[in-house]
Structures are given as C-alpha cells and as structure tokens.
Amino acid sequence: MHPNEALFANEGFYLAFAQGDVDAMDRLWSANASVLCVHPGWSALTTRAAVMESWARILENPSRPQIAFQVQEVVPMGGVMAVVCYEQLQGAVMLASNLYLEEAQTVRMVGHHAGVCANPPPLPEAKEPRLDG
C-alpha cells in the first residue's frame, strides 16, 4: 500500500463522518482483520460489531460535531499505514491516529483513536473532507 492510498481512505473516513453516512463508514472498516476504535471518553471497542454500532450511534445523531482535519503525517508500520491527524471541532483540537491496511486489494480501516490535544501545534486552516484530492 502506498501512503497516498491511506490518505485517500482517510479522506473517505472524514467524508463519511461529515455526511453521516453509516453505509460508507461500514464499507471503509475491515471485515476480516482485528479492529480497534477509541472515541474520546469511551472505552476501547475491539470487535467490528461494537465499532460499527458506535459509528451508527454517532453518525445518526443530528447533533454530532462537525470536524475538519489536518493530516500531520503518514507513518508506515509494516503492513499498516497510520495517518496522524489533528481534528478541529467546536472549541477543541483532537489528535487522532487512523490505521489502514490492504484487504482484498482495497484499503480498509482497522483503527481509530482520538483524544483531546491539550497543546496542539499551530495549525494551518482546517481542511474539509473531499474526495477530489
């Protein structure tokens, strides 16, 4: 997997979030590999069923926050690519790591972990999710 493929999948993740698209989120997450999801303030979710249930609850909530993101770096980790992002939302900056691997010739998400970043670096203007690069 090339880092640009992980970045494209990462764009898809934030686009699915922005649009509240549960089906797109479901297609993005791995169906076969182990997964891990840690939402801010939540316990770790380690089964696909629990991860997808959490996203359904979040994405179907009309009061969910709007998030813009800024990619900090892509970190290759063996067969996994970690995309490290700053998420900017109403009055807070979160630091997120999103993990991707190749599954059946498609990039799939296997991990998301986000938490409050108490001392973020100066960030350029936040980027709205889009798929046109």
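Me: How do you know that E3 and E4 pair, and how do they run?
Reply: This is a predicted model. In it, 10 bridges join E3 to E4. Pairing needs at least two bridges, so the two strands pair. They run antiparallel. Tyr86 stands opposite Leu95 in E4.

Me: Which residue takes a positive phi in the hairpin of E3 and E4?
Reply: Gly91 does, with a phi near 80 degrees. This hairpin has 2 residues between the strands.

Me: What joins E2 to E3?
Reply: 9 bridges link E2 to strand E3, residues 80–89. At least two are required, so E2 and E3 count as paired. They run antiparallel. One of the matches is Val75 with its bridge partner Ala82 in E3.

Me: What joins E4 to E5?
Reply: Here 10 bridges do the job, with the strands antiparallel. The cut-off is at least two, so E4 and E5 pair. Leu99 stands opposite Gly111 in E5.

Me: In what order do the 5 strands of the open sheet lie?
Reply: The order is E1-E5-E4-E3-E2, and the pairing is mixed.

Me: Why are strand E1 and strand E2 called edge strands?
Reply: Each pairs on one side only. E1 spans 36–38 and E2 spans 68–77. From one strand to the next, the twist averages 25 degrees.

Me: What makes Ala104 stand out, given that it is not a glycine?
Reply: Its phi is positive, about 55 degrees. Most residues other than glycine have a negative phi. Ala104 lies in the loop between strand E4 (92–103) and strand E5 (106–116). E4 and E5 form a hairpin with 2 residues between them, and Ala104 is in the turn.

Me: Is Ala104 buried or exposed, and how do you know?
Reply: Its relative accessible area is 71%. Exposed means over 50%, so Ala104 is exposed.

Me: What is the phi of Gln105, and where is its place?
Reply: Gln105 has a positive phi of about 65 degrees, although it is not a glycine. Its place is in the loop between E4 and E5. Its relative accessibility is 76%, over the 50% mark, so Gln105 counts as exposed.

Me: Why are H1 and H3 called oblique to each other?
Reply: The axes of helix H1 (residues 3–19) and helix H3 (residues 48–59) cross at roughly 50 degrees. Roughly parallel means under 35 degrees, and roughly perpendicular starts at 65. The crossing falls between those limits, so the helices are oblique. Their axes come within 9 Å.

Me: Which residues in H1 and H3 meet?
Reply: Phe13, Ala16 and Phe17 in H1 meet Trp55, Ile58 and Leu59 in H3. The contact holds 6 nonpolar residues, no polar and no charged.

Me: How many disulfides does a search of the whole structure find?
Reply: The count is 0. A disulfide needs cysteine sulfur atoms within 2.5 Å. For Cys37, the nearest cysteine sulfur is that of Cys85, 14 Å away. For Cys117, the nearest is again that of Cys85, 12 Å away. Both distances exceed the cut-off, so neither Cys37 nor Cys117 is in a disulfide.

Me: Are Cys37 and Cys117 buried or exposed?
Reply: Buried means under 20% relative accessible area. Cys37 has 0%, so it is buried. Cys117 has 17% and therefore counts as buried too.

Definitions and conventions:
Residues are numbered from 1 along each chain as its sequence is written. This is a predicted model: local features need pLDDT of at least 70, side-chain atom pairs count only at pLDDT 80 or more; totals for chains, interfaces and linings use all residues. Side-chain values use heavy atoms; hydrogens and water are left out. Helices (H or I, at least four residues) and strands (E, at least two) are DSSP runs, numbered from the N terminus. Axes are lines fitted to C-alpha atoms, for helices over the stretch in contact, and angles run from 0 to 180 degrees between N-to-C directions. Buried means under 20% relative accessible area, exposed over 50%, partly exposed in between (1.4 Å probe, protein chains only). Angles under 35 degrees count as roughly parallel, over 145 as roughly antiparallel, 65 to 115 as roughly perpendicular and the rest as oblique. Contact means heavy atoms within 4.5 Å. Ala, Val, Leu, Ile, Met, Phe, Trp, Tyr, Cys and Pro count as nonpolar, Asp, Glu, Lys and Arg as charged, and the others, Gly among them, as polar.
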